[in-house]
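Please open the model in your viewer and keep the sequence panel beside it. We will take the tour in steps, from the whole chain down to single residues.

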Amino acid sequence: SFIPLQPVMEQYAKDYLKENGYTLDKLKKRKADKIKAIQHLFEKNGLPPGLGYVAIVESELESKCTSGPGAAGIWQLMPETAQRLGLQVDGTTDQRRHFLKSSAAAARHFKDLYEDLDDWLLVVAAYNCGIGNVFKAIKLSGSRDFCKLQRYLPKETRNHVKRFISLHYYFEQQGSLATLTKQERLDYVASLVANNQS
């Protein structure tokens with residue numbers, strides 16, 4: 001059943017898509033196979049397939065992409081994170097630039113974060129700024145709802161999560177479990193159960 005865009009995100013998504021629509025249309029045509037491959041891999045690993053759009057936020061799916069601090073590949077993994085996730089990163093080999101291996105590592109990373117956070121939007125935030133910063137924001141805001149705690153996160157992370165949601169809507173024309181807070185997810189699942197019983 002249809003998952004609408006949270007009203008608080010609507011304006012951001014509209015502005016973002018207006019500004020980036022042309023680039024996204026091109027990307028959608030050029031990278032459709034890669035997007036499908038990531039979604040298939042994530043689904044196989046028990047993750048919401050829509051989580052794959054994080055790679056577009058990170059790198060527009062360019063494996064040559066490298067950031068100032070040294071993150072690389074489509075998932076923009078730092079060397080130590082990549083090694084912890086089982087990728088080879090040394091003088092001769094950098095598996096962060098290998099499409100499928102890095103995607104499998106990203107899937108492991110998302111699963112680990114979800115075990116600790118139990119909320120996909122917080123997982124996307126933690127992917128960007130580290131889980132410590134997310135826990136700090138939870139503590140300072142007294143809430144686990146992304147909309148309420150976001151102002152305690154770095155600006156880059158707030159925008160990262162909103163871009164992820166905007167992209168999800170661009171590609172899917174709706175949300176999924178990956179774009180809901182934990183409470184929204186629980187309410188959504190409960191409504192599905194209620195509808196099935198009525």
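The stops below begin with the whole chain, then move to one helix and two loop residues.

**Stop 1: the whole chain.** Select everything and show it as a cartoon, bearing in mind throughout that this is a predicted model. You should find nine helices and zero strands in the protein chain, so that, if you follow the chain from the N terminus on, the elements run α-α-α-α-α-α-α-α-α. The radius of gyration of the protein chain is 17 Å, close to the 16 Å that the globule rule gives for 198 residues, so the chain is as compact as a globular protein of that length. If you now switch to the C-alpha trace, its span along the principal axes is about 60 × 40 × 35 Å.

**Stop 2: surface and interior.** Turn on the molecular surface, whose accessible area comes to about 10,400 Å², with 52% of this belonging to carbon and sulfur atoms. Of the 198 residues in the protein chain, 46% are buried. Among contacts with a separation of 6 or more, 56% are made by residues that lie 24 or more positions apart. Next, colour the charged residues: there are 28 positive and 22 negative charges, and their mean positions are 2 Å apart.

**Stop 3: helix α8.** Select residues 155–172, which form helix α8 with its 18 residues. From the first C-alpha to the last, α8 reaches 26 Å, close to the 26 Å expected at 1.5 Å a residue. Is this helix mostly covered or mostly uncovered? It is mostly covered, since 13 of the 18 residues of α8 are buried.

**Stop 4: Gln173.** Move on to the residue that follows α8, which is Gln173. Gln173 is found in the loop between α8 and α9 (182–197), and this residue has a positive phi of about 60 degrees although it is not a glycine. Is Gln173 buried or exposed? With a relative accessibility of 59%, Gln173 counts as exposed, because the cut-off for exposed is over 50%.

**Stop 5: Leu61.** Finally, select Leu61, which you will find in the loop between α2 (54–59) and α3 (79–84). Leu61 is also a residue other than glycine with a positive phi, here near 65 degrees. Its relative accessibility is 1%, so Leu61 counts as buried, the cut-off for buried being under 20%. Put the two loop residues on screen together to end the tour: Gln173 counts as exposed, whereas Leu61 counts as buried.

How values were computed: Residues are numbered from 1 along each chain as its sequence is written. This is a predicted model: local features need pLDDT of at least 70, side-chain atom pairs count only at pLDDT 80 or more; totals for chains, interfaces and linings use all residues. Side-chain values use heavy atoms; hydrogens and water are left out. Helices (H or I, at least four residues) and strands (E, at least two) are DSSP runs, numbered from the N terminus. The expected span of a helix is 1.5 Å times one less than its number of residues. Buried means under 20% relative accessible area, exposed over 50%, partly exposed in between (1.4 Å probe, protein chains only). The radius of gyration is taken over C-alpha atoms; the globule rule is 2.2 Å times the number of residues to the power 0.38. Contact means heavy atoms within 4.5 Å. Accessible areas come from the Shrake-Rupley method with a 1.4 Å probe; for residues, only the protein chains shown count as cover. Lys and Arg count as positive and Asp and Glu as negative; His and the chain ends are not counted. The place of a charge is taken as NZ of Lys, CZ of Arg, CG of Asp or CD of Glu.
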